[in-house]
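Please look over the sequence and the fold before reading on. The paragraphs below deal with helix packing and one loop residue.

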Amino acid sequence: VKEFTAIHSTDWVSREVVNKHSLLYKVQGTDTDLQPYLLAAHLDVVAAPASQGWDVPPFDGVIDDKFVWGRGTLDFKDGVMGLLQTLEYITINDLQPKRSFYIAFGHDEEVGGGDGAAHIAELLESRNERLLFILDEGMVITDGIVEGVIPRVALVGVAEKGMLTLRLSVNITGGHSSVPAAETSISVLSKAITRLHDNPHPHQFGYGPEVAMLQATAPEMNFVTRMAVTNLWLFSPLISWSFLKKASTSSVIRTTTAVTIVQAGFKANVIPPVAEAYVNHRVHPNDEDEEVIQRDHDIINDPRVQVEVSSVLGAGARPSPVSGYSSTAYGFQVIKKSIRQVFSNIVVAPGICVGNTDTQHYLKLSDSIYRFSPTVYRSEDVSRFHGPNERIAVANYRKLINFYFHLIDNADTFHQSKSWTKLSDTHEL
């Protein structure tokens, strides 16, 4: 409130504190007949232990000539501060938009959003609010990461995978290690884990937005790759095979399986009666949780292995519906236009978020939900996400603010020629 005085003293902007710590702003537009939309970010960050090896203190907010350093500069305090700085500029200059919109800041996204975004969603639902589109954090702008594509690629998440955690348990009579039985709880569980590892869930290439992503980037590819991508009726098996070769692309087109915890035993000379493991699935939007569970049963094929849904990581999340990304999808086209106005030499394409965001709580509010962070990632930046030396380039942060300014303008005037004066990245904004 002290830093952004214009926002909190403007009569067409209101603020509510939701469940003690989350914030919901409403920017009232001049045309109440226009359907509002929502822009989201989150206030919390993951831990930054000293053992990670930071070059600067992670919570000192160090700014040098090139970078803003600190935990949250990529995930997602840049979005929080960028939205507030954009709104401050708009209110100072009395640029009241035509279309109303909300800004939602949840306070616990990193642990599932159950106390933050979930309560914001409940509040809006109780008011029968229906939103034109929602934009939250998510996929990013890649620079030199997408193989064979020279321009930067802005991936806009039109869906996100679900999360399902299963507990495998085996209970067999134990005993002393000097007289081991032919099979033990550990050996039975080990075979089950191996079967799951050796039999991944089938790929869903062609049933998600990955085809549209390839088509968007195809013009920038070499001739051979471009020919394959533009003739999927013939080369689809080859393209899907190439996706499956790498973990980063394989995860986009299938439900993934990862055994993350194995527990058994309490003494070196005692065979434990109980062994258990936790399996974390990231569920593709074309799959259902029940299908994934049944496949696991079929793959393990051993009645001694009990399979049950676990809440060790919370309630989990079902895969989201796929939001529209055609030429008539208003929200997607507004985001796409805004990206192109601010970032030069760039390709915009739809994609699938493999992680979960606060949007999992907003599914009832809109059919058009997008996940995009206007942040440029190079290969060396990937390890900074939730890792040491998290940072954002000062030039990138300026563009991030400019992106939100353009988006708010475009949401009003997408089908019109008249709009606010466009700003450069060096403007006072």
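Is the crossing of helix 9 and helix 10 left-handed or right-handed? It is right-handed, meaning that the near helix is turned clockwise from the far one by less than a right angle; an anticlockwise turn would be left-handed. This is a predicted model in which local features need pLDDT of at least 70 and side-chain atom pairs count only at pLDDT 80 or more, while totals for chains, interfaces and linings use all residues. Residues are numbered from 1 along each chain as its sequence is written, and side-chain values use heavy atoms, without hydrogens and water.

Helix 9 covers residues 330-342 and helix 10 residues 394-413; their axes come within 9 Å and cross at roughly 135°. That angle makes helix 9 oblique to helix 10 (not under 35 degrees, over 145 or from 65 to 115). Residues in contact (heavy atoms within 4.5 Å) include Y330, V334 and I335 of helix 9 and F403, H406 and L407 of helix 10. The residues of this contact divide into eight nonpolar, five polar and two charged.

Helix 3 (residues 185-198) packs against helix 8 at an angle of about 120°, with the axes 9 Å apart. This crossing is right-handed. A192, R195 and L196 in helix 3 meet D296, I299 and I300 in helix 8.

D302 sits in the loop between helix 8 (289-300) and strand 13 (305-309). Its relative accessibility is 13%, so D302 counts as buried (under 20% relative accessible area, with a 1.4 Å probe and protein chains only). D302 touches V188 and R195, leaving aside residues up to four places away in sequence. The side chain of D302 also reaches the backbone nitrogen of R304 at 2.9 Å.

Note on methods
Axes fitted to C-alpha atoms, helices over the stretch in contact; angles between N-to-C directions. Helix = DSSP H or I, 4+ residues; strand = E, 2+ residues; numbered from the N terminus. Nonpolar A, V, L, I, M, F, W, Y, C, P; charged D, E, K, R; others polar. Buried < 20%, exposed > 50% of the residue type's maximum accessible area, 1.4 Å probe, protein only. Polar contact = N/O pair within 3.5 Å; in protein donor to acceptor, adjacent residues only side chain to side chain.
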